[in-house]
Amino acid sequence: MLAVPIRQMGYGVAVLAPLGDAPALGLADHAIRASFDDLDAARRLAELSDVVTYEFENVPAATARAVAERRPLHPSARLLELTQDRNREHDFLASLGVATAPGREVHTVAEFNAALVALGMPARLKSARGGYDGGGQLRVHDAASVAAARERIPTIEGGWRLEAEVPFERELSVIVARSAGEIRVYAPFENQHRDGILHLTRWPARGSPRAHARAVDIAEAVAVAGELCGVMCVELFVRGDEVSVNELAPRVHNSGHLTIEGAAVSQFEQHVRAICGLPLGSPERGAGGVAMVNLLGLADRRHVRVAGAPAALAEPGVHLHLYGKDRERPRRKMGHVTALGNDADDAAERALRAAANLNFVGADRAE
Ligand code: AMP
């Protein structure tokens with residue numbers, strides 16, 4: 001999705017990706033198939049490029065630094081490192097006066113026990129590093145999950161964060177774009193997760209205008225303090241007018257996929273403009289509402305294709321995005337549906353109806 005506007009704007013694309021079915025490889029002039037910790041590969045990528053970016057926040061810090069020694073890396077290695085550790089991210093947000101879920105840094109079982117007494121149950125034990133789509137998380141709510149958490153504590157490098165569960169009414173995300181001298185913010189998106197993975201995004205979000213304004217202010221403050229170049233996403237919990245930040249992602253974000261059809265300039269084009277030093281575009285939503293539903297894998301198998309596209313696309317206002325991933329895995333993001341509607345409710349109904357028609361099937365292709 002990033003490679004499309006890069007090519008559209010006349011640039012070439014070099015891609016470093018560990019997986020053979022990484023969608024961007026199909027649009028790449030130069031493809032480097034290597035793991036994210038392969039420093040030689042990262043240096044080769046830099047040498048092929050005028051500017052380098054990433055769309056996955058668990059790129060190792062050493063890789064980011066190896067690139068940044070050779071070419072401009074946006075967002076910066078510093079911002080990437082800051083957001084790679086939940087505890088450092090929390091300290092950064094606290095230094096800006098931004099609320100987060102009450103929590104404690106935990107490295108030992110003794111620290112876990114003390115944190116659990118202080119925070120109470122239910123709580124979430126989250127690995128400080130490497131979490132993604134709810135991975136590396138455990139909900140601590142009864143004797144069995146407390147025991148499971150105690151067993152897990154020593155198994156990880158980098159430690160944990162134990163967080164109180166926030167009784168939120170809504171989850172929002174705000175995508176902010178910043179380049180030298182300019183800042184543009186997309187109005188908040190409203191997100192529903194299933195098993196820790198984004199399921200449905202609606203735009204505009206529902207809820208208190210004061211909460212929305214606070215969410216936008218937080219995103220701007222984070223972008224300025226983090227010296228952002230590019231786009232980043234701030235994920236938030238909202239209850240009434242109260243807003244707290246769940247996490248930061250210094251990259252284009254799944255909740256912003258609906259800006260491809262729903263906004264004057266998509267998050268992807270906005271990111272390209274920012275990192276290439278071009279003027280930022282309008283983040284305004286078009287008329288009506290927009291919604292996006294993720295299409296997740298269910299089974300573990302190769303050579304899949306989608307079935308049901310004609311029925312899905314018969315729904316007015318629906319756009320289908322398939323990432324061309326050859327391998328289906330449970331919970332893997334395989335594509336998404338975006339729908340435009342009269343308002344966000346209408347768009348959400350259309351997107352959900354369209355998605356209900358779609359499933360992945362074996363493509364019966366010979367090995
Ligand atoms: P994360 O990987 O931290 O974004 O968590 C994935 C999802 O789990 C979030 O989008 C929330 O729906 C839920 N979640 C995470 N942390 C909390 C919390 N402290 N309180 C309530 N729900 C949470």
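In the predicted model, Thr201 touches Phe189, Glu190, Asn191, Ser255, Leu258, Val290, Ala291 and Met292, residues up to four places away in sequence being left out of the list. Thr201 itself belongs to strand 10, which spans residues 197-203. Its relative accessibility is 0%, and Thr201 is therefore classed as buried, the cut-off for that class being under 20%. With one of these neighbours, Asn191, the contact is also polar: the side chains of Thr201 and Asn191 are joined by a polar contact of 3.0 Å. Several of the partners can be placed in named strands. Strand 9 covers residues 189-194, and the contacts of Thr201 include Phe189, Glu190 and Asn191. Strand 13 covers residues 289-296, and Val290, Ala291 and Met292 are likewise among the residues touched by Thr201.

Asn191 also appears in the description of the enclosed space. Two cavities of 30 Å³ or more were counted. The second largest cavity holds about 30 Å³ of space, and its lining consists of Glu171, Leu172, Asn191, His193, Glu235, Leu236, Phe237 and Asn246. At least two lining residues each are supplied to this cavity by strand 7 (170-179), strand 9 (189-194) and strand 11 (230-239). Strand 11 accounts for the largest share of that lining, with three residues. Classified by side chain, the lining of the second largest cavity comprises three nonpolar, three polar and two charged residues.

The largest cavity has a volume of about 80 Å³. Arg86, Glu89, His90, Leu93, Thr100, Ala101, Arg161, Glu163, Val245 and Asn246 form its lining. Asn246 thus recurs, being listed for the largest cavity and also for the second largest cavity. The elements that each contribute at least two residues to the lining of the largest cavity are helix 5 (86-95), strand 6 (160-164) and strand 12 (242-249). Of the contributors, helix 5 gives the most, with four residues. The lining of the largest cavity contains four charged residues, together with three polar and three nonpolar ones.

Open space was examined in the same model. The second largest pocket encloses about 400 Å³ and is lined by 19 residues, with Asn294, Leu295, Leu296, Gly297 and Leu298 lying nearest its centre. Two or more lining residues come from each of strand 10, strand 13 (289-296), helix 12 (344-356) and strand 19 (359-362). Strand 10, the element that holds Thr201, is thus among the contributors to this pocket. The greatest contribution to the pocket lining is that of strand 13, at four residues. By class, 11 of the lining residues are nonpolar, whereas four are polar and four are charged.

With regard to overall organisation, the protein is divided into domain 1 (3-73), domain 2 (102-164) and domain 3 (170-365). A distance of 34 Å separates the C-alpha centres of domain 1 and domain 2. Helix 3 comprises residues 61-68, and domain 1 spans residues 3-73. Within helix 3, the residues Ala61, Thr63, Ala64, Ala66 and Val67 are buried. The cover over these buried residues includes helix 2 (39-48) and helix 4 (77-83). In an α-helix there are 3.6 residues a turn, so residues three or four places apart point the same way.

Terms used:
Residues numbered from 1 in each chain as written. Predicted model: local features only at pLDDT ≥ 70, side-chain atom pairs only at ≥ 80, totals over all residues. Heavy atoms only, no water. Buried < 20%, exposed > 50% of the residue type's maximum accessible area, 1.4 Å probe, protein only. Polar contact = N/O pair within 3.5 Å; in protein donor to acceptor, adjacent residues only side chain to side chain. Contact = heavy atoms within 4.5 Å. 1 Å grid on protein atoms, 1.4 Å probe; cavity = no way out; pocket = protein on both sides within 12 Å on 5 of 7 lines; lining within 4 Å. Points joined across faces, edges and corners; volume = space filled by probe spheres on them. Nonpolar A, V, L, I, M, F, W, Y, C, P; charged D, E, K, R; others polar. Domains from an automatic or database assignment.
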